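Biologist: I should like to learn how to read the features of a structure that is new to me. May we take them one at a time?

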Amino acid sequence: MSEKKEPSIWEGFKAFLMRGNVVDLAVAVVIGAAFTNIVNSVVKGVINPLVGAFGTKDLDKYSSCLKDPCKTAADGTVTNGIPIMWGTVLSATLSFVITAAVVYFLMVLPMAKYLARQEARRKAKEGAHEVIEVTELEVLKEIRDALVAQRGSGHDRE
């Protein structure tokens with residue numbers, strides 16, 4: 001009687017790492033982190049100053065005071081009051097929307113179109129294969145009918 005050997009933890013871990021999905025996910029996380037830095041830089045370096053040009057200050061500086069008077073030290077720590085930093089929230093929201101839009105339009109939408117084309121090609125090939133099979137079946141039926149007709153006419157002559 002042979003016993004089935006259980007795979008070791010190391011072998012299981014190695015098999016898990018070698019799966020395509022894990023590698024794809026790792027690449028996506030690294031690219032996403034790098035891309036997030038780029039988008040955050042664009043928002044802080046371009047969009048926030050543009051919004052500030054229409055207002056009186058940089059977008060990150062906009063806030064409201066929940067408990068007056070609000071005072072902050074030079075290093076940004078709150079010394080008095082309760083400030084609500086809604087400009088920072090708006091800045092983060094803009095970063096998210098820009099990131100989501102770029103990911104959708106540059107990655108998701110082209111991939112969806114590519115996969116749709118691949119599916120259409122696959123269905124077209126299957127449809128052509130089915131037509132060929134039907135045509136072959138029809139030809140075989142015609143040959144059978146012709147053979148049956150020949151046998152029937154051959155028996156009449158004897």
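Modeller: Let us begin with charged side chains, bearing in mind that this is a predicted model. Side chains of opposite charge can pair when their charged atoms come close. Here Arg122 forms a salt bridge with Glu119, and the closest N and O atoms are 2.2 Å apart.

Biologist: Where do Arg122 and Glu119 lie, and how many residues apart are they?

Modeller: Both belong to helix H3, and they are 3 residues apart, about one turn of the helix.

Biologist: Are Arg122 and Glu119 buried or exposed?

Modeller: A residue counts as buried under 20% relative accessible area and as exposed over 50%, with partly exposed in between. Arg122 has 38% relative accessibility, so Arg122 is partly exposed. Glu119 has 32%, and therefore Glu119 is partly exposed as well.

Biologist: How many salt bridges does the structure hold?

Modeller: The structure holds 2 salt bridges. Besides the one between Arg122 and Glu119, there is a salt bridge in which the side chains of Asp145 and Arg144 meet, at 3.1 Å from N to O. Asp145 is partly exposed, with a relative accessible area of 41%, and Arg144 is partly exposed at 48%.

Biologist: Let us turn to aromatic rings. How many aromatic pairs does a search of the whole structure find?

Modeller: The search finds 3 aromatic pairs. One of them is formed by Tyr62 and Trp86, whose rings are 5.4 Å apart from centre to centre, with 40° between the planes; this pair is tilted. The pair links distant parts of the chain, as Tyr62 is in the loop between H2 and strand E1 (64-72), whereas Trp86 is in helix H3, 24 residues apart from Tyr62.

Biologist: Why does Tyr62 count as buried?

Modeller: Tyr62 counts as buried because its relative accessibility is 16%, and the cut-off for buried is under 20%. Its partner Trp86 is partly exposed, with a relative accessible area of 37%.

Biologist: Why is the pair of Tyr104 and Phe105 edge-to-face?

Modeller: The angle between the ring planes decides this, because planes over 60 degrees apart count as edge-to-face. The planes of Tyr104 and Phe105 stand at 80°, so the pair is edge-to-face; the ring centres are 5.1 Å apart. Tyr104 lies in helix H3 and is partly exposed, with a relative accessible area of 39%. Phe105 is exposed, at 53%.

Biologist: Which residues form a nonpolar patch on the surface?

Modeller: The nonpolar patch is formed by Val23, Val27, Ile31, Tyr104, Phe105, Leu106, Met107 and Val108, which together have about 770 Å² of accessible area. Helix H2 (20-54) and H3 are the elements that give two or more residues to the patch. H3 gives the most, with 5 residues. Tyr104 and Phe105 thus appear both in the patch and in the edge-to-face pair.

Biologist: How should I read a buried position? Which side chain, for example, is joined to that of Ser95 by a polar contact?

Modeller: One may first ask where the residue is and how much of its area is accessible, and then what surrounds it. Ser95 is found in helix H3 (residues 86-157), and its relative accessibility is 9%, so Ser95 counts as buried. A polar contact of 3.3 Å joins its side chain to that of Asn40. Leaving aside neighbours within four places in sequence, Ser95 is in contact with Val39, Asn40 and Val43.

Biologist: What is Ser91 in contact with, once its neighbours within four places in sequence are left aside?

Modeller: Ser91 is then in contact with Val43, Asn48, Leu59 and Asp60. Ser91 lies in helix H3 and counts as buried, because its relative accessibility is 5%.

Biologist: Is Leu94 buried or partly exposed, and which residues is it in contact with beyond four places in sequence?

Modeller: Leu94, also found in helix H3, is partly exposed, with a relative accessible area of 28%. Beyond its neighbours within four places in sequence, Leu94 is in contact with Val43, Ile47 and Leu59. A separation can also be read between C-alpha atoms: those of Leu94 and Gly52 are 14 Å apart, while the two residues are 42 residues apart along the chain.

Methods: Residues are numbered from 1 along each chain as its sequence is written. This is a predicted model: local features need pLDDT of at least 70, side-chain atom pairs count only at pLDDT 80 or more; totals for chains, interfaces and linings use all residues. Side-chain values use heavy atoms; hydrogens and water are left out. Helices (H or I, at least four residues) and strands (E, at least two) are DSSP runs, numbered from the N terminus. Buried means under 20% relative accessible area, exposed over 50%, partly exposed in between (1.4 Å probe, protein chains only). A polar contact is a pair of N or O atoms within 3.5 Å; within protein, one must be able to donate a hydrogen and the other to accept it, and residues adjacent in sequence count only if both atoms are side-chain atoms. Contact means heavy atoms within 4.5 Å. Patches are made of residues with over 30% relative accessible area and no salt bridge: like charges are joined within 9 Å, nonpolar side chains (Val, Leu, Ile, Met, Phe, Trp, Tyr) within 5 Å. Accessible areas come from the Shrake-Rupley method with a 1.4 Å probe; for residues, only the protein chains shown count as cover. A salt bridge is a side-chain nitrogen of Lys or Arg within 4 Å of a carboxyl oxygen of Asp or Glu. Rings of Phe, Tyr and Trp (its six-membered ring) pair if their centres lie within 6.5 Å; planes under 30 degrees apart count as stacked, over 60 as edge-to-face and the rest as tilted.
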